[in-house]
There are 2 protein chains.
Amino acid sequence: MTTAEDREALAAALPDSNLITDPDVLAALSADDAEWAEAGSPLAALRATSTQEVRAAVRACAALRVPVVTRGAGTGLSGGANATDGCLVLDLSRMNRILEIDEDNLLAVVQPGVVNNDLKAAVAERGLWYPPDPASAPWSTIGGNVATNAGGLCCLKYGVTRDYVLGLEAVMGGPAGEYGTAVRVGRRTTKGVSGYDLTGLLVGSEGTLGVLTEITVRLRPALREPPHTVVGAFDSLVAAGEAVALCTRRGLRPAALELLDRACVEAVENWKHLGIEAGAAALLLARVDDPGQAGEKEAAAVARAFDEAGALWAERSTDEVEAEALFEVRRLAYPALERLGPVLTEDVCVPRSAVPRMLARTEEIGKRHGVRVATIAHAGDGNLHPLLITPPGDDAARRAAQAAFEELLTEAVALGGTVTGEHGVGLLKRGGMRAELGPEICAVQRALKDTLDPLGLFNPGKAV
Amino acid sequence: MTTAEDREALAAALPDSNLITDPDVLAALSADDAEWAEAGSPLAALRATSTQEVRAAVRACAALRVPVVTRGAGTGLSGGANATDGCLVLDLSRMNRILEIDEDNLLAVVQPGVVNNDLKAAVAERGLWYPPDPASAPWSTIGGNVATNAGGLCCLKYGVTRDYVLGLEAVMGGPAGEYGTAVRVGRRTTKGVSGYDLTGLLVGSEGTLGVLTEITVRLRPALREPPHTVVGAFDSLVAAGEAVALCTRRGLRPAALELLDRACVEAVENWKHLGIEAGAAALLLARVDDPGQAGEKEAAAVARAFDEAGALWAERSTDEVEAEALFEVRRLAYPALERLGPVLTEDVCVPRSAVPRMLARTEEIGKRHGVRVATIAHAGDGNLHPLLITPPGDDAARRAAQAAFEELLTEAVALGGTVTGEHGVGLLKRGGMRAELGPEICAVQRALKDTLDPLGLFNPGKAV
């Protein structure tokens, strides 16, 4: 069939849905924020508003063998939500209702399109807290966070998205029944071991096993006291890495321990003029949130570790506005760098003791390939984001960046790490994943995909 | 073939292994601690000492189509490690070496037969802590803990076994390669999203997908201060349940919040004479481990919540010996009750707000069926263990207990709970699991099992 005929067939099968075919809108819905990943041309897009509508769409797509690519806010950094040719883009950003906040059981039930910070704000009104905080939290959706098992700043102490997902409603096919069947996995209880952990399998599966239409998340009581912020400045990335390793070795447990290099600080400062001095080669930002005197002691211990690792200076930030500005720099680093040219984002994660070595290798690899690298890192987790920036339109620079990118992946795996700590495999890390996992594990992954999605309908070509 | 011929064939295929065929030893290795679950007659048993030996055994069993039932210490409470007729029992309790403790990265690598408390003791010497603490911790193995995703007391604050498993080595078959292939899943990093979460899928799979031969666990820094213990006595189970619900609602975060009814306290006291008074209908034991003044405040808040929920009395235990004795009562409750007759163990988990209701229904159901019920509970998690005790040899009492058992499962599911919070499905909860999950999810579970173990070799008839 021609594209026009396919579109007509899809529209005929979905009489109650408003299919989008406008080329400009389709183009906008065809890619996430991974500027380097290729994106195909979708047949159409659908802004679903209910599980029923998702079910009907999946059923129709299965009948017509049209692939389904699900997306939320499109803030992904690996191309996991990029369209494939001839697919239906299923945009869930309008399924954005918080269905329930259960204060007695510390959980919330949400639709997938709820924005992370909106959930945080809603539960905060009840004295509760949803910790996962990817830097994209002001824009990214819970559905996307779950699909990629998003990390963030505070996962150092509070865990990643997976640790907060209790249950899911998913529209699946295969053994679950006819494509378009909605199933519920997981639970509302704090513990449960009834059957294989399908919730855990769906978290991080990047839309390749079905469409998530409802999410039950665990909440925590809100923190009762403002956190302490500790800042350290270092004359090299490696020295900052040594400070991180020392904090881990000493059993310190900051809620966040972030690294920013000079290029990041400068890019934000040039854009937002927050008044942060970009003198040092690297800054470490630690947030300590233990209550009372224990927090005071922990913050002091972090500052001491910074000093002993050779910080130019390290101090507690006593000014909340200043502390907030520092973390704002962290959050704005990525969009600030994007202003300078297409960014190729690394997301390697190495054992924490290997952070200094990985940072040294990053500098060396960047220099050798002549690539401009700015590094931000969830350093306390060993999760590093070297950002490779190329001048727009410079093909030679782009090739050099691609070579550096692959070399960084290889290095991370050699150090006992992974090619993706929190962004997902998507399109950009498929080769890296194969190298990391090896053929046996890739075969197991593929077998699971084929079992749960025998038609290969859900987000084909991604992740596995 | 006859059993003798099968045995000979297996022995011939495993010339380097010492196959056990002595009937008394086989009988001892044929069942776990779930006294009510049926156990078959194994062909032979093997006390494996290395991954290589496990690989050879699995390869031989696949060739001969002999099922493989893996076991550790045999402390399971659902029959998950019970032999099936004609199987090879693979006992991993001699694979009990701690291979590595990595202080810089807060992890340990262990063989599956390492006893939980032995790991705790070894890492404590380095100032580290492995939190998961099933009541069986003095005897149960990390391999068994992982296979059942064991819970325990401190998971209220620190999470269950799954939350500590970073990576696994497993001997598998199917898409991983020829049966007997050893694969590595997971990682040594704190975060990672490279491919589907196979580690999470294997945790809690009860030996049905392969044999775990090596486990990498996350550790935490040891706590620096002794915890506070708060004890409350209540004139009814339901009143104690209300106190639990109030603690949750107020955002209090004890590390453990345990409930013991009078029957449990009496059984332990009659056995061990620890000097604990069994006057009240129910005791709540809370352990608070926030450091410094924050801990003092939290402990006081827990005591206040107990009082306000109608405790007969509630007090901070200032005597460490007494506090330890109280938690010892908790740990000894199950073996103490086992002395009185075969115990049928419930393991329901309900949303925490439903704890009072579930406790009331438990009493009512026990009375109606004329069954002696003693209840211990990880009450703060909503995970309740009503223990149904029958006089040995009394068939009518046994039938009544079975009826009460099934009714408790139904009630837990009706309250939004699960039939098993931490013990696993094994043999005892298969019917309950089907009722809880429904046919679509059971079909998905079954499809995963068939994909990863196409010969149905691993622990057949259990869990799925």
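In the predicted model, the buried residues of helix 13 of chain B are covered by elements that include two other helices of chain B, helix 12 (355-369) and helix 14 (430-452). Strand 16 (343-345), strand 17 (348-349) and strand 19 (383-389) of chain B are also part of this cover. The residues of helix 13 that lie beneath such cover, with under 20% relative accessible area, are B:A397, B:A400, B:A401, B:A404, B:F405, B:L408, B:L409, B:E411 and B:A412. Helix 13 itself runs over residues 395-414 of chain B and has 20 residues. From its first C-alpha to its last, helix 13 of chain B reaches 29 Å, close to the 28 Å expected at 1.5 Å a residue.

Chain A was examined as a whole. Its secondary structure consists of 14 helices and 19 strands. Chain A is as compact as a globular protein of 464 residues, because its radius of gyration, 22 Å, is close to the 23 Å given by the globule rule for that length. The C-alpha trace of chain A spans about 65 × 60 × 45 Å along its principal axes.

Of the 464 residues of chain A, 63% count as buried. When contacts in chain A between residues at least 6 apart in sequence are considered, 73% join residues at least 24 apart.

The surface and charges of chain A were also computed. Chain A exposes about 16,200 Å², and carbon and sulfur atoms supply 49% of this area. Chain A carries 45 positive and 62 negative charges, and the mean positions of the two sets are 4 Å apart.

Key: Residues numbered from 1 in each chain as written. Chains lettered and ligands numbered in written order. Predicted model: local features only at pLDDT ≥ 70, side-chain atom pairs only at ≥ 80, totals over all residues. Heavy atoms only, no water. Helix = DSSP H or I, 4+ residues; strand = E, 2+ residues; numbered from the N terminus. Rg over C-alpha atoms; globule rule 2.2 N^0.38 Å. Buried < 20%, exposed > 50% of the residue type's maximum accessible area, 1.4 Å probe, protein only. Contact = heavy atoms within 4.5 Å. Areas by Shrake-Rupley, 256 points an atom, 1.4 Å probe, with all protein chains shown as cover. Lys, Arg positive; Asp, Glu negative; His and termini not counted. Charge placed at Lys NZ, Arg CZ, Asp CG, Glu CD. Expected span 1.5 Å × (residues − 1).
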